[in-house]
Amino acid sequence: MNIVKNRQGNELHVALEGRLDTVSAPEFEVIVKNELGGVELLVIDLVDLKYTSSAGLRTILLAQKTMNKQGRMILRNVGEEVMEVFEMTGLADLLTIE
Amino acid sequence: MKELTIAATVENIEVVTDFVNEQLEALDCPMKAQMQIDIAIDELFGNIAHYAYNPEIGQATVRVEVIEDPLAVTITFIDNGVPYDPLAKEDPDTTLSIEDREIGGLGIYMVKKSMDDITYEYKNGQNFLKIKKNLH
């Protein structure tokens, strides 16, 4: 898992690369918990995300809940396999996917 | 049949995944099925690592068996930890609004949806959780 961050003013862009799973989800959670102060737009790019387990879904849900209070969150470049997981778990309806 | 017995820790999820993937590759497993199995390993071995022996560290065994005609694979997760039947848990309500959504329970639900069969048994002081995936 590799996380690439880019903060510009009140926008934060995060690219998640590899596998979002039990081992790597906590790394992303640290960002969600500590680095969203003052962020009004969170863009998460999943172009190189291979798959996500429930640990990753929980963190994405946490990010969405946080951003609902302070701005917007957008998911970009969601691949077919990851989309299937979002749909299976009902998360697709709760997220903004472009 | 191939087996791996290893300390049930989060760090070893990767070792277990590599061990299972090696068998799957020999079977020409479709990519999608392999990915679903990898997710299942993360959920199920992750559960054992987190809860079976907490706060101690115990061992777990992962057994891979191949069924032929039609081709399928079964993976059995065995531990000596506290009895725990993940199938007894009710499925999460996937239609709730975000504020009402619980942040848990999705893992076993995903495994149930993506595997062709899943069974749980507790015998001789061990948890046996077996998943089956058809490969063709």
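Me: Two strands pair if DSSP finds at least two bridges between them. In this predicted model, which residue of β5(B) is the bridge partner of Thr74(B)?
Reply: Start with the strands. β3 (residues 72-79) and β5 (residues 126-134) of chain B pair in the antiparallel sense. They do so over eight bridges. In β5(B), the bridge partner of Thr74(B) is Lys132(B).

Me: Which strands are the edge strands of the sheet in chain B?
Reply: Five strands of chain B form an open sheet, with antiparallel pairing. Their order is β1-β2-β3-β5-β4. An edge strand here pairs on one side only. That picks out β1 and β4 (117-123) of chain B.

Me: By how many degrees are neighbouring strands of this sheet turned against each other on average?
Reply: The sheet is the five-stranded one of chain B. Direction is ignored in this angle. The average turn between neighbours is 15 degrees.

Me: Which residue of β2(B) stands opposite Ile6(B)?
Reply: β1 (residues 2-7) and β2 (residues 59-67) of chain B pair in the antiparallel sense over six bridges. Opposite Ile6(B), in β2(B), stands Ala60(B).

Me: How many of the six residues of β1(B) are buried?
Reply: A residue needs 20 or more other C-beta atoms within 10 Å to be buried. β1(B) lies largely in the open. Its buried count is zero.

Me: How many of the 22 residues of α2(B) are buried?
Reply: Helix α2 of chain B covers residues 31-52. At 1.5 Å a residue it should span 32 Å, and its end C-alpha atoms are 30 Å apart, which agrees. This helix is mostly covered. Of its 22 residues, the number buried is 16.

Me: Are α1(A) and α2(A) roughly parallel or roughly antiparallel to each other?
Reply: α1 (residues 25-34) of chain A packs against α2(A) at an angle of about 10 degrees. Their axes are 9 Å apart. Angles under 35 degrees count as roughly parallel. The two helices are therefore roughly parallel.

Me: Which residues of α1(A) make the contact with α2(A)?
Reply: Both helices contribute. From α2(A) come Ala55(A), Gly56(A), Thr59(A), Leu62(A), Ala63(A) and Thr66(A). By class, the contact has six nonpolar, three polar and one charged residues. From α1(A) come Ala25(A), Phe28(A), Glu29(A) and Val32(A).

Me: Which element gives the largest share of the side of chain A that touches chain B?
Reply: 19 residues of chain A are in contact with 19 residues of chain B. Two elements of chain A give two or more residues to its side, α2 (54-70) and α3 (80-88). The largest share is eight residues. They come from α2(A).

Me: Is Asn10(A) buried or exposed?
Reply: Asn10(A) is found in the loop between β1 (2-8) and β2 (11-20) of chain A. Beyond four places in sequence, it touches Gly38(A), Val39(A), Glu40(A) and Leu41(A). The cut-off for exposed is 12 or fewer neighbours. With 12 C-beta neighbours inside 10 Å, Asn10(A) counts as exposed.

Me: What is the phi of Asp69(B), about how many degrees?
Reply: Asp69(B) lies in the loop between β2 and β3 of chain B. It is exposed, with 6 other C-beta atoms within 10 Å. The peptide bond from Asp69(B) to Pro70(B) is cis, with omega near -5 degrees. Asp69(B) is not a glycine, yet its phi is positive, about 55 degrees.

Technical notes:
Residues numbered from 1 in each chain as written. Chains lettered and ligands numbered in written order. Predicted model: local features only at pLDDT ≥ 70, side-chain atom pairs only at ≥ 80, totals over all residues. Contact = placed C-beta atoms within 7 Å. Helix = DSSP H or I, 4+ residues; strand = E, 2+ residues; numbered from the N terminus. Expected span 1.5 Å × (residues − 1). Axes fitted to C-alpha atoms, helices over the stretch in contact; angles between N-to-C directions. Parallel < 35°, antiparallel > 145°, perpendicular 65-115°, else oblique. Nonpolar A, V, L, I, M, F, W, Y, C, P; charged D, E, K, R; others polar.
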